[in-house]
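Me: Could you take a close look at one interface in this model for me? I'd like to know what it's built from and what kind of contacts hold up there, plus a bit of context from the rest of the assembly.

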Protein chains: 4
Amino acid sequence: MTDASSWVLSLSCPDRPGIVHAVSGVLADHDGNITESQQFGDPDTGLFFMRVEFASAAPRAELEAALGQLGERFEMTWRLDVAGRRMRTIVMVSKAAHCVNDLLFRERAKTLPVEIVAVVGNHPTLRDLAEFYGKPFHHIPVTPDTKPDAERALLALVEDMDAELVVLARYMQILSPELSDALRGRAINIHHSFLPSFKGARPYFQAHDRGVKLIGATAHYVTGDLDEGPIIEQDVERVDHTYTPESLTAIGADVERRALARAVRWHAEHRVLLDGHRTIVFK
Amino acid sequence: MTDASSWVLSLSCPDRPGIVHAVSGVLADHDGNITESQQFGDPDTGLFFMRVEFASAAPRAELEAALGQLGERFEMTWRLDVAGRRMRTIVMVSKAAHCVNDLLFRERAKTLPVEIVAVVGNHPTLRDLAEFYGKPFHHIPVTPDTKPDAERALLALVEDMDAELVVLARYMQILSPELSDALRGRAINIHHSFLPSFKGARPYFQAHDRGVKLIGATAHYVTGDLDEGPIIEQDVERVDHTYTPESLTAIGADVERRALARAVRWHAEHRVLLDGHRTIVFK
Amino acid sequence: MTDASSWVLSLSCPDRPGIVHAVSGVLADHDGNITESQQFGDPDTGLFFMRVEFASAAPRAELEAALGQLGERFEMTWRLDVAGRRMRTIVMVSKAAHCVNDLLFRERAKTLPVEIVAVVGNHPTLRDLAEFYGKPFHHIPVTPDTKPDAERALLALVEDMDAELVVLARYMQILSPELSDALRGRAINIHHSFLPSFKGARPYFQAHDRGVKLIGATAHYVTGDLDEGPIIEQDVERVDHTYTPESLTAIGADVERRALARAVRWHAEHRVLLDGHRTIVFK
Amino acid sequence: MTDASSWVLSLSCPDRPGIVHAVSGVLADHDGNITESQQFGDPDTGLFFMRVEFASAAPRAELEAALGQLGERFEMTWRLDVAGRRMRTIVMVSKAAHCVNDLLFRERAKTLPVEIVAVVGNHPTLRDLAEFYGKPFHHIPVTPDTKPDAERALLALVEDMDAELVVLARYMQILSPELSDALRGRAINIHHSFLPSFKGARPYFQAHDRGVKLIGATAHYVTGDLDEGPIIEQDVERVDHTYTPESLTAIGADVERRALARAVRWHAEHRVLLDGHRTIVFK
């Protein structure tokens, strides 16, 4: 438990008058100065969402005690974190390097507030890349027979490493409903398409066959319902008839890594809140 | 039949060596100077596509005779047109004005090489807009009972007006397979989504419900297979959780009119060639 | 003075702890329910900015009295408005129609919360367009000799019409420092370039000569310092070597109308706050 | 000298009738089948540009002899290369890794047709990154006194390695007019701005101060006229008032690496032709 001077508080609760006043009151009671704040009330779900960055010299325990009382009063889900703290993250990969390479590079360039504590591959292909960046690489093969064991090993690793976030960086394996549930809200996948769109195998061949003029990618939370998890970020790039499935794949890789890096950053900065099967993203 | 000094030739044929040499030979024989030219050979379909703009003082009849011989030799589909000629166009509308307003404005601003010869609405709502731009407005109501009659009236109008292009500018009616066939390759629709994507009714409510981060639109040729016609252009705009279905609709309107205007311009400039169920767009 | 149930409050003041708590306290005192709120503290200027939409059944006079006291306490600049109220707007034009046409269309389509109360042109060219949309058109010619008179006439019109916003929609005349001052913070210009960039005459010819790959436009507040006013919105579109100065101009027109429409909407919704020579835009 | 079956020919010459016919005639004489071709005639400069990919079993010497005759007849600058051949490239760096990391990764991922034969840094910072990718790293420090020696060493390296392309990947040193001339048309720089725009030091601080809403980058050929070389590619990303100079810098890094990677790919594929101080880019 650290005492810091700069904090980020994110919360959601049933919407009703007085929430902002109550939250800002707690901060004012602790000489907190708000530096950034966003709120959103969703008329569809009746939920209220708030993210606030503030400076305060108060000890964490005192802040948490006050927020705990507030949380009970408003039936709040809330989380207090040190602003800028790097989130402990495990990256899952298969053979494609573009997404994990981007995340590793951004961590080192200090433009992504994560600490990648392990890279896990179902193939050993990317061991050298992980180790170049000084990251332990775990080879956990997955076959239909070994899948339950592999998932248990992964979950054990998440717990051993105190990992807060699992990023499926072109992992190419479908998580079981059980593992999806266990990682609910803390696993992000990058989908090789502009959802809802081409599903199933070889999406870029489907895209080529259909003659699309834009290639997209979608970063979303993992749920048991494959490819239907809450969308965090989407992006596209323009293509034309001269693109082959191979060059569409290369463009797709660029779009994927871009959308994934944004989604991971926003998540790590507590900017993404779940609103049913949609997300609120306080950019 | 006009003699002009500036021409556009578009063609497609089975790919084989010597096509460009033969085409450029015909042009050289008529003192033609190529000002813009693009080619593409599709390895999937084995077809070759070419669009060439050239200046030549030769009479049209001579050019057409020479191209006719060439066309037979290479089993070509070809078309010669005066460069910059405005294509005679009928715009079909319902109640939403954003697409037709954009097309009418661009015609008048001379940034769209079409001559809109009529506006047809299944509702009378947009009569005043059409007439402000000096265009005859035809109200052809459509009910399940009258649909065959309405389509016959439309087709008669196309023929009476020598219309070369029919633009469904948020027409909201599904053309029958027969009419789709009759207008094959010369009817363009704007679809209220990023195909393949949300199909069916109220796409922006579906998009809102799904929490998408991008709103798209697709301009495509009309075929009997609804919403599956060859894609000419697609575009997107970024949205976020604060958008309601209503504001998504407004953003969607912007994306729709933009994508449709580009598709109509490219078609009118003979830049779009059919390659199976895909398009070649020589931008 | 109207009593409404839905309000928008925008404010700025020197940053210090307790502002949000105090503002939300005033709202809570009047049974206000916050539906959208954004804050930003600028560490460079030491200023705090806030925009809040809220629902409250309290009479306007009561709200204003309470906010007045608050404003004094925090040295605030604040403004309370009925949410969604259409801002009374005068559009200034010359001969180019693309921007004013877009604004008029969007007002009628109810996607832009303005009420255009007059169109003023230094040429009579666009009278018919204005009148089609039912707007009075004022022809106020400008020559070097008549410029002071013309500006007096314009300012008188602004006052007579109770206009809150003046939009220079490709007006092509430079306002005098005096008029710029008189309209400070309530006049928006669209600049035919991506500022800071090509200045002076014929920007698209300069752009063509320089071989740029992107064409941009900038919407900004008018100040005495020409083309240096606070930027509200910028946008670009991709171009290539095949574009002529003329087709660059056509693309530029699309970018201009898009950037201007966004800037006008954000201003009319009180989303734009001045922060020195920069803007805070609470999108 | 290799005999290959797939070729790319790029050329420019004074525009006049018959060029395409003559070029395609040479190809037809050697049983060449055109797979991709683009032409452009610039009315401003009176120059004609062409890029053609073709398959032919003819020996290189024969093709070159025929093209040599053709080149004399039309006063052509032309170049024949094996399609897809990787261009020998030296990357110049300073301390910032984002651009060189991207180029190295793309080379390894086979999405960039270059063979990076050396990385040269005026600081030793990026040695480990270069060596991880198996590239020799040359540390050539530059001070005002040693600059002539350093440039001689660089030029010697270019010659020793038979390097065809030099990429200034955030090299941060201004090349002398002599070196710029020696590398004319084969050195690409990435400029930390959207040219013409903020010049001089700390562009992102200038951008922040000016409150821009878009951050851009420009890839261009190096000339003696600093930052005024022919533009190959430009890109932008949207930002807002919440960005600090530091986060603008991070976004700028993304835009820079993206624009640079495209420019390098197009150059290596012989898609970029010089047209005075502009470029023709056959994408």
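**Where chain A meets chain C**

Reply: Let's start in the middle of things: Phe40(A) sits opposite Glu36(C), a residue of β2(C). That's one spot in a strand pairing that crosses between chains, since β2(A) and strand β2 (residues 33-42) of chain C run antiparallel and are joined by 5 bridges. Keep in mind that this is a predicted model, so everything here is computed from it.

Zooming out to the whole contact, chain A puts in 16 residues and chain C puts in 16 residues. About 1400 Å² gets buried between chain A and chain C, with carbon and sulfur atoms giving 54% of that. On the chain A side, the residues losing the most area to chain C are His21(A), Asn33(A) and Gln39(A), which together make up 32% of what that side buries.

Which elements of chain A are involved? Both α1 (19-29) and β2 (33-42) give at least two residues each to the side touching chain C. The largest share belongs to β2(A), with 7 residues. By residue type, that side of chain A splits into 10 polar, 4 nonpolar and 2 charged.

Now the specific contacts. Between chain A and chain C there are 9 residue pairs in polar contact, counting pairs with both residues at pLDDT 80 or more. Salt bridges are another story: the rule finds 0 across this interface.

For context, the count over all chains is 121 salt bridges. One example is Glu164(A) with Arg79(A), whose closest N and O atoms are 3.3 Å apart. That pair ties together distant parts of the chain, 85 residues apart: Glu164(A) is in the loop between α5 (147-160) and β8 (165-168) of chain A, and Arg79(A) is in strand β4 (residues 77-82).

Aromatics add a bit more, with 6 pairs turning up over all chains. Take Phe132(A) and Phe132(D): their ring centres are 4.0 Å apart and their planes are at 15°, so the pair counts as stacked. Phe132(A) belongs to helix α4 (residues 127-132) of chain A and Phe132(D) to helix α4 (residues 127-132) of chain D, so this pair joins two chains.

How values were computed:
Residues are numbered from 1 along each chain as its sequence is written. Chains are lettered from A and ligands numbered from 1 in the order in which they are written. This is a predicted model: local features need pLDDT of at least 70, side-chain atom pairs count only at pLDDT 80 or more; totals for chains, interfaces and linings use all residues. Side-chain values use heavy atoms; hydrogens and water are left out. Contact means heavy atoms within 4.5 Å. Buried area is the accessible area (1.4 Å probe) that two parts lose on being put together, summed over both. A salt bridge is a side-chain nitrogen of Lys or Arg within 4 Å of a carboxyl oxygen of Asp or Glu. A polar contact is a pair of N or O atoms within 3.5 Å; within protein, one must be able to donate a hydrogen and the other to accept it, and residues adjacent in sequence count only if both atoms are side-chain atoms. Helices (H or I, at least four residues) and strands (E, at least two) are DSSP runs, numbered from the N terminus. Ala, Val, Leu, Ile, Met, Phe, Trp, Tyr, Cys and Pro count as nonpolar, Asp, Glu, Lys and Arg as charged, and the others, Gly among them, as polar. Two strands pair if DSSP finds at least two bridges between them. Rings of Phe, Tyr and Trp (its six-membered ring) pair if their centres lie within 6.5 Å; planes under 30 degrees apart count as stacked, over 60 as edge-to-face and the rest as tilted.
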